[in-house]
Amino acid sequence: MRSSQFQSDLLQWFHKNARVLPWRSHPTPYNVWISEIMLQQTRVDTVVPYFVRFITELPDVSALSQVEEDKLLKLWQGLGYYNRALNLKKAAKILMETNQGQLPSEIKHLLELPGIGPYSAGAIASIAFGKAVPAVDGNVLRIMARILANREDINNTKNKKHMQEVMAQLVSEKEPGSFNQAMMDLGATICLPNGEPKCSECPIRRHCQANKLGATSEIPVKIQKKVRSVEKKTVFVISSEGQFALKKRKPGGLLPNLWEFPNAEDYLTEKQARDFLSAMGIRVHDMVPIKQSKHVFSHLEWHMKGFFVTATADDRVQSELSWVTGTDIQHQYSIPTVFKAFMEYCKQ
DNA sequence: AAGACGGGGCA
DNA sequence: TGCCCAGTCTT
């Protein structure tokens, strides 16, 4: 394979077929940074509305560095991997203190910022700063496995390292940003991850060994999935005088610093539920079961039963709980999707 | 090297 | 239902 032909075939296709995306119209370092973080393990269609809202609310590094955490998490609500948002603010503060609020253009310095790994550093350096460096993501690993008819496990550390080196040689010197984005668009629209790739439309099929061998459905090869553990929970929607009880989750771990409905491990009987509420300082006026719901995370499942509890006003002494209106829940409090079914009970 | 870390779209 | 997505960080 000749690098120059591969590059020109890919770039020519990209210049005609590039997807129109909000972060591409003004690829400032800040816009590219935010988009790349949002796009980690997250589809383009999902990211677009989040990106537009985020940039409107927090247009630059300075604004991001000063944003209140609850507002930041509200902007991220439903996007997942919430540490990405917290790392974004940490990095913004570092940039304000050490670099006049500017993103660095060197890979080495980008990698020092929290939330930026090898892929994101390469993407930012190439797209925002025109550096001729690779940006190896899942698309690139899949495309290159097919191009080279490589049957190794694509997620294998050694393979990733190898691909990093291959792409460092292959990336266009003149248009590295377009080259890397072309690989993403090709992976998203032609060289598909599931289902048959659209090889007849592929601009680089003449370079593709898997296509030549008729092996595109067997490559890439990936190792098995791991079993997900299941956790049972009992969730309480507690209502008192038009307000609902929320609790802030701890920093670190799952869903850090987000808000949740009070909940207990395992399925509780009504008796156990009353004891649990009592220990929290809640006196039950009325309590009715809520339909069971299930939520699947990447590494575990929550199976949830619930109760809708009506409490009396005098019982709202205990804190650790915040009492908020349905409107506040909607506009201010960041509650993860896992509680979606229970949020329905808080509509005005 | 493996596990933690969200959520949704699609076959 | 299972896989995978413009991955990174921790153990």
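The exchange below goes through a predicted model of a protein with DNA strands B and C, asking what lies behind the words used for it.

Me: What makes the contact between Asp9 and Arg206 a salt bridge?

Reply: The side chains of Asp9 and Arg206 meet with 2.9 Å from N to O, and a salt bridge asks for a side-chain nitrogen of Lys or Arg within 4 Å of a carboxyl oxygen of Asp or Glu, so the pair qualifies. Asp9 lies in helix α1 (residues 3–17) and Arg206 in the loop between α12 (176–189) and α13 (209–213), so this salt bridge ties together parts that are 197 residues apart in sequence.

Me: Why is Asp9 called buried, and why is Arg206 called exposed?

Reply: Asp9 has a relative accessible area of 15%, and buried means under 20%, so the word fits Asp9. Arg206 has a relative accessible area of 54%, and because exposed means over 50%, Arg206 is placed in that class.

Me: How do you know that Glu106 and Lys131 form a salt bridge, and what does the pair tie together?

Reply: The distance from N to O between the side chains of Glu106 and Lys131 is 3.1 Å, which is to be set against the limit of 4 Å, so the pair counts as a salt bridge. Glu106 lies in the loop between α7 (83–98) and α8 (107–110), while Lys131 lies in the loop between α9 and α10, so the pair ties together parts that are 25 residues apart in sequence.

Me: Why do Glu106 and Lys131 count as partly exposed?

Reply: Glu106 has a relative accessible area of 40% and Lys131 has 29% relative accessibility; partly exposed is the class between buried, under 20%, and exposed, over 50%, so Glu106 and Lys131 are both placed there.

Me: What makes Glu218 and Arg151 a pair that links distant parts of the chain?

Reply: The side chains of Glu218 and Arg151 meet in a salt bridge of 2.9 Å, N to O, with Glu218 in the loop between α13 and β1 (229–240) and Arg151 in the loop between α10 and α11 (157–170), 67 residues apart. Glu218, at 43% relative accessibility, counts as partly exposed, as does Arg151 with a relative accessible area of 46%.

Me: How do you know that His299 makes a polar contact with DNA strand B?

Reply: An N or O atom in the side chain of His299 is 2.9 Å from a phosphate oxygen of DNA strand B, and because a polar contact is a pair of N or O atoms within 3.5 Å, this pair meets the description. A polar side-chain atom of His295 also lies 3.1 Å from a phosphate oxygen of DNA strand B, whereas a polar backbone atom of Leu79 is 3.5 Å from a base nitrogen of that strand.

Me: Which residues come nearest to DNA strand C, and which have polar contacts with its phosphate oxygens?

Reply: Of the 26 residues around DNA strand C, Gly115, Tyr119, Asp137, Lys222 and Lys225 come nearest, and sugar and phosphate account for 65% of the atoms of this strand that come within 4 Å of the protein. The contacts with phosphate oxygens include a polar backbone atom of Gln41 at 3.0 Å, a backbone N or O atom of Gly138 at 3.1 Å and a polar side-chain atom of Arg142 at 2.9 Å.

Technical notes
Residues numbered from 1 in each chain as written. Chains lettered and ligands numbered in written order. Predicted model: local features only at pLDDT ≥ 70, side-chain atom pairs only at ≥ 80, totals over all residues. Heavy atoms only, no water. Polar contact = N/O pair within 3.5 Å; in protein donor to acceptor, adjacent residues only side chain to side chain. Near = heavy atom within 4 Å. Helix = DSSP H or I, 4+ residues; strand = E, 2+ residues; numbered from the N terminus. Buried < 20%, exposed > 50% of the residue type's maximum accessible area, 1.4 Å probe, protein only.
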